[in-house]
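Welcome, and thank you for taking a look at this protein with us. Please open the structure below and keep it at hand while you read.

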Amino acid sequence: MAAIDLSIFDLFKIGPGPSSSHTIGPMLAGGDFLALLRRQPPDILAAGTRIEVELYGSLAATGRGHGTDRAVLAGLLGQDPRHCPPQFLDALAHAPERAHPLDLGPKTLSISAADVVMGPVVCDLPCSNTLALRLRGEDPDAPPLLERRYASIGGGFIQYAGQQLPARGEPAYPYASMADIRRIVREEDIGLHRLMLENEAALTGDRPNEILARLDAVLAAMDASVDAGLAASGVLPGPLKLKRKAARLFARGSRNRRPPHDSALTKLMAYAFAAAEENAAGHIVVTAPTCGAAGIIPATARFMRTALELPEHSIREGLLAAAAVGFLAKHNATIAGAEGGCQAEIGVASAMAAAMLAHAMGYGVRVVENAAETALEHHLGMTCDPVGGYVQIPCIERNAMGAVKAYAAYCIASDEMPAHHKVGLDQAIAAMRATGLDMNRKYKETAEGGLAVSVVAC
Ligand code: SF4
C-alpha cells in the first residue's frame, strides 16, 4: 500500500465553518476555477456570458443549510478559507441576489449566489460531494465553454481530473497503517511526535522550527474558536433558532460548589460546545479533522492546559499524535460524513483527541493506539443526520460527547495492560470503512434520514 504523504496542515486547516466538505472545499474549488478562468485565451473569455455552479449529491441536499452557495461564490470572488472574514460570508448570505463583478482581465462578468443551482441529490458520481463550475456562452443549450468538476472529499480536500498536486518529497519514515507506525517506533527507537515531525519536514522541505511555529498557530486558532464561542450568546443562524449553550455550561462548571469531577467534565463539554457553536455560526475554526467535528480537539487541548496543567510542548506533541490517527483514518477509510457517516467525523476526531491525551500524558505508542481505537470503536455505525441540513443538531452536542468519550478512552487505555487490548486501530478503521460502505445513502449528510426526518420542528 502507498505510504501516507499528507501534510499535517492539509489535515488541520483554518477556515470558516460549518462543514469542511460543504464550505472549505467548495471555496477552494471556486478559487481554483477563478484561476483557471484567468488562464483562458481571450476568445474564450470574450464568448463567456455567465458563470454557473451546479451542486450534486450531498452538496445539493444540504448545501443551502451548510452555506455551500456563498462559500463557492466567495472562492470565485477571490477569497481563500484561511483569510476570508466571516463578515464577508455573512454579507453574501444576507443579500443572495446581489450581483458581484468578477474581473477576468479582458472581461468582467457578474455573479450572485443565485447562479449556484442545485442538481440531483441522487446521482451515480464517484463522490457524493461533487460540484461543477462552468463558463457559459450566449446559447444556454450549447455545451459550456469551460467546465471543471470537483469532488469535495472531506476535511477541505478537493480533487479534479488532471489535478497537479504540489511536488512533495518522500516521507522519512513511510507508513500506511498503525502496524507500520508501531514497527517504526520500535525499530528506530523514535517517539511518535518525532516521526510525524521528521516526515513533515521531509515531505514539505520546511524546517522543524517552522513546522512547530505553524502547529502553534493551529493550536492558537483552535483556542480562539473556544474563546469566541464562550464569549458569544443568542441564537445560531438558521431556522432551528438553536440557542448557544457554551457560556452557560462554562458558568455551571465554574461554580465553586460543584464537585471537582463535575466541574472538569462540564468545562470540557463547554469548550467543545463553544468551538462547535462557532462552526455552526460559519465563523473561523480548524478542521480537526473536519469542521463538523471542530470542537473536540480544541476542547481537549484547553482541558489539557487547564485541568491537567500540561505544558504547551506536550500539547503540541499530542497534536502530532492526533494527526497520525487522522491520517490513518483518511488514508484507509474516510473522514467525510458524506462518505462514511458521522463515525468518520466525530468518531475520528474523538480517536484523534484520545491519542493526543495519551501521548501528551507520556504514554507509549501502544497506549496511544489503544486510546484512539477505543474512542473510534464506540462511534462505529454513527450516522450523519443533521436536522434541516444545518450543522447544529445533533452535531454540536456530538462534539461534547466526542470529547468526553476521548477522555474516557484515554482513561481506559492508560489503565489496562496494553498487550491485553484485543482490537487494533487498523481493525477499527477497517470496520469504519466497511460500515460506511454499507450505510444507506440517506444517513450520509443528506438530511434524509435519522434525526433529520424524525425532528420536524424546522
Ligand atoms: S451529523 Fe456528524 S458528520 Fe453529519 S454534519 Fe453533523 S457532525 Fe458532521
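## A guided look at the fold

D189 sits in the loop that links α7 (178-188) to α8 (192-204). Please keep in mind that the model is a predicted one. D189 is a good place to begin, as its phi is positive, about 50°, although the residue is not a glycine. With a relative accessible area of 72%, D189 is exposed.

K241 can be described in a similar way. This residue lies in the loop between α9 (208-231) and α10 (246-254). K241 is not a glycine, yet it has a positive phi of about 55°. Is K241 buried or exposed? Its relative accessibility is 57%, and a residue counts as exposed over 50%, so K241 is exposed.

The backbone also has cis peptide bonds to look at. One of them runs from G17 to P18, with omega near 10°, and P18 is found in the loop between β1 (14-16) and α2 (20-38). Another runs from A288 to P289, with omega near 0°. P289 has its place in the loop between β9 (284-286) and α12 (296-306).

Here are these backbone features side by side.

| Residue or bond | Backbone value | Loop |
|---|---|---|
| D189 | phi about 50° | between α7 (178-188) and α8 (192-204) |
| K241 | phi about 55° | between α9 (208-231) and α10 (246-254) |
| G17 to P18 | omega near 10° | P18: between β1 (14-16) and α2 (20-38) |
| A288 to P289 | omega near 0° | P289: between β9 (284-286) and α12 (296-306) |

## The sheet

Next, find the open sheet of five strands. Its order is β5-β2-β6-β7-β8, and the pairing is mixed. At the edges are β5 and β8 (158-159), each of which pairs on one side only.

Strand β2 (residues 50-55) has five of its six residues buried, so the rest of the structure largely encloses it. β2 runs antiparallel to strand β6 (residues 130-136), and six bridges join the two. With strand β5 (residues 116-118), β2 runs parallel, and three bridges join this pair. L55 is a handy residue for seeing both pairings: it stands opposite L131 in β6, and opposite M118 in β5.

At the β8 edge, two bridges join β8 to strand β7 (residues 146-152), and these strands run antiparallel. What is the bridge partner of A151 in β8? It is Q159.

## Two enclosed helices

Helix α4 (residues 57-66) has eight of its 10 residues buried, so it is largely enclosed by the rest of the structure. The buried residues are G57, S58, L59, A60, T62, G63, G65 and H66. What covers them includes the helices α2, α5 (68-76) and α14 (337-340), along with the strands β2, β5 and β6. After α4 comes G67, with a positive phi near 80°.

Helix α13 (residues 312-332) is another enclosed element: 17 of its 21 residues are buried, so the rest of the structure largely surrounds it. How does its length compare with what should be expected? At 1.5 Å a residue, α13 should span 30 Å, and its end C-alpha atoms are 30 Å apart, so the two values agree.

## The nonpolar cores

Nonpolar side chains tend to be buried together in soluble globular proteins. In this model, the largest nonpolar core has 101 residues, and F12, I181 and I297 are those with the most contacts inside it. Helix α15 (residues 346-360) gives the largest share of this core, 12 residues. The core also draws at least three residues from each of domain 1 (17-159) and domain 2 (178-454).

I297 shows what a contact-rich position in this core looks like. Leaving out residues up to four places away in sequence, I297 touches F12, M222, A288, L319, A322, A349, M352, A353 and M356. Apart from this core lies another, of 32 residues, which includes I51, C84, L104 and I111.

## A word on cysteines

How many disulfides are there? The count comes to zero. Two cysteines make a useful pair to look up. C342 has 11% relative accessibility, so it counts as buried, whereas C411, at 31%, counts as partly exposed.

How values were computed
Residues numbered from 1 in each chain as written. Predicted model: local features only at pLDDT ≥ 70, side-chain atom pairs only at ≥ 80, totals over all residues. Heavy atoms only, no water. Helix = DSSP H or I, 4+ residues; strand = E, 2+ residues; numbered from the N terminus. Expected span 1.5 Å × (residues − 1). Buried < 20%, exposed > 50% of the residue type's maximum accessible area, 1.4 Å probe, protein only. Pairing = 2+ DSSP bridges. Core = buried A, V, L, I, M, F, W, Y, C linked by side-chain atoms within 4.5 Å. Domains from an automatic or database assignment. Contact = heavy atoms within 4.5 Å. Disulfide = S-S within 2.5 Å.
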